[in-house]
Amino acid sequence: MQDNVVIVGTGQAALSCAVKLRDSGYEGAVTMLGDEPWLPYQRPPLSKAYLKGETTADRLEFRPQEFFAKAGIGVERDSRVTSIDRSNRSVTTSDGRSYAYTKLVLTTGSRARTLPDVMTHGLDGILTLRSIADADRLRRALASAKRIVVVGGGYVGLEVASIAVRMGHAVTIVEMADRVLKRVAGAPTAEAIEELHARHGATILTNAQLTGFSDQSGKVAGVALESGTMLPADLVLVAIGGTANVELAAEAGLTVENGIVVDRLGQTSGTDIYAAGDCAAFPFGGRLNRLESVQNAIEQGGVVANAILGRPVEYEPVPWFWSDQYDTKLQTAGLAHDYDDILTVSVEPGCSAFWYFRDGLAVAVDTMNDAKTHMAARRLFGARVALRRELLLKPDFNLMQYVRTAAAPSG
Ligand SMILES: Cc1cc2nc3c(=O)[nH]c(=O)nc-3n(C[C@H](O)[C@H](O)[C@H](O)COP(=O)(O)OP(=O)(O)OC[C@H]3O[C@@H](n4cnc5c(N)ncnc54)[C@H](O)[C@@H]3O)c2cc1C
């Protein structure tokens, strides 16, 4: 069989892999099969500019149709892959078509976690946010709703809350943990974000356990909490994280944990089958990680392309992420796992850095409105330069200069 890459999914990781293959001179066929009606598009604006109505759906698409035609990358939309036949090296779509592959790449992404039906009873006005279609529904609902409850104090929920507040709505964020951003950031970052929301008029309820909903004629009317409180609501956004789309891989017998398990080259447990992006669980820092970020999707897509091209480069990421809330840009560099200390460095009001340390060495930093520190930190972690806590305490310490000097080749 002629070289032929089939990519399941048409998201950020799929695009990155396909473009890298072509840019590197891959001459076989490249076909992406996606179940959405769009060309590959950006998801971050769905909880930012797109939700605010500042951009249109076609502008979210990374590249126009002509680009794919010219690059010789096939994009099949509305095409859901339902099974993988590993022995015959082919996949089948829901409309019964079959695609043979020599290499298969799974970039199936993740989906928004939902609350069980016994809790929501299929009520109108309880939404999630993952796709353009979801964002359109949310936009329409925001236009008429007045009292909004966001379930979950993660990035997506907090971003939507900030937009709803700016629209003049009464917004309550319900978080079951003792603070927001519990899974992704330390307490000082969370405290600063909570303060930001409070200042703009949003209410954050922590340690708040949701028990159900009240309704009026099939439409949500309230959110019931374990404390006995009933929060009035005409719109509820459930933003409680993502679940990797692993079912296709699992049914094909590939090793799956909280994502499709891959090695440092993006190779799954199946011969000639790779995975990248939100759906993949990869080894890094002595554990299996699954990241839901643009950085991870782009870089891992590239890692898989390199492996297919026979030029393997192991995935050693410097994770980075951003979130826009009100006029604040929160950025993260590095991986805040297993840290034992956090240091807050305030540059000026509203502009801070929260450094995470393990054994006295910096491993990650969250910044608020401090892009300079964020960019310097990405270089620092990328160059594997050690940064001790004491240095950051020196009043005249210049991070970028330190990185430049330390990363410069010696001799
Ligand atoms: C609202 C929102 C805001 C975000 N904001 C940020 C941000 O500010 N910064 C940041 O770094 N990241 C952000 N992210 C995360 C980022 O968008 C994702 O990490 C990234 O899109 C992952 O790309 P992916 O290609 O792995 O998956 P996806 O973009 O999810 O693409 C996977 C595609 O595969 C399709 N698919 C799944 N199963 C099948 C199948 N069996 N057959 C065919 N197609 C299938 C899916 O429908 C989907 O279209 C945000 C995400 C959301 C939802």
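The shell around the ligand draws on both domains here, with at least three residues coming from domain 1, which spans 4-111 + 242-308, and at least three from domain 2, which spans 114-238. I should say at once that this is a predicted model, so please take every value I mention as computed from it.

If we look at that shell by secondary structure, helix H1 (12-23), helix H9 (294-308) and strand S22 (320-325) each contribute at least two residues. By residue character, the shell divides into 8 charged, 14 polar and 11 nonpolar residues.

Which of the 33 residues around the ligand come nearest? They are Asp35, Glu36, Lys48, Arg130 and Asp278, and for two of these I can describe the contact in some detail. In the side chain of aspartate 35, an N or O atom is 2.5 Å from an oxygen atom of the ligand, while for glutamate 36 the corresponding distance, again from a side-chain N or O atom to a ligand oxygen, is 2.6 Å. Tryptophan 322 takes part through its backbone, where a polar atom is 2.9 Å from an oxygen atom of the ligand. As for how enclosed the ligand is, the protein covers 95% of the 1000 Å² of accessible area that the ligand has on its own.

Let me finish with the cysteines. A search of the whole structure finds 0 disulfides, and cysteine 17 illustrates this, since the nearest cysteine sulfur, belonging to cysteine 279, is 11 Å away. Cysteine 17 has a relative accessible area of 1% and is therefore buried, and cysteine 351, at 9% relative accessibility, also counts as buried, because the cut-off is under 20%.

Terms used
Residues are numbered from 1 along each chain as its sequence is written. This is a predicted model: local features need pLDDT of at least 70, side-chain atom pairs count only at pLDDT 80 or more; totals for chains, interfaces and linings use all residues. Side-chain values use heavy atoms; hydrogens and water are left out. A residue is near a molecule or strand if one of its heavy atoms lies within 4 Å of it. A polar contact is a pair of N or O atoms within 3.5 Å; within protein, one must be able to donate a hydrogen and the other to accept it, and residues adjacent in sequence count only if both atoms are side-chain atoms. Accessible areas come from the Shrake-Rupley method with a 1.4 Å probe; for residues, only the protein chains shown count as cover. Helices (H or I, at least four residues) and strands (E, at least two) are DSSP runs, numbered from the N terminus. Ala, Val, Leu, Ile, Met, Phe, Trp, Tyr, Cys and Pro count as nonpolar, Asp, Glu, Lys and Arg as charged, and the others, Gly among them, as polar. Domain bounds come from an automatic or database domain assignment. A disulfide is a pair of cysteine sulfur atoms within 2.5 Å. Buried means under 20% relative accessible area, exposed over 50%, partly exposed in between (1.4 Å probe, protein chains only).
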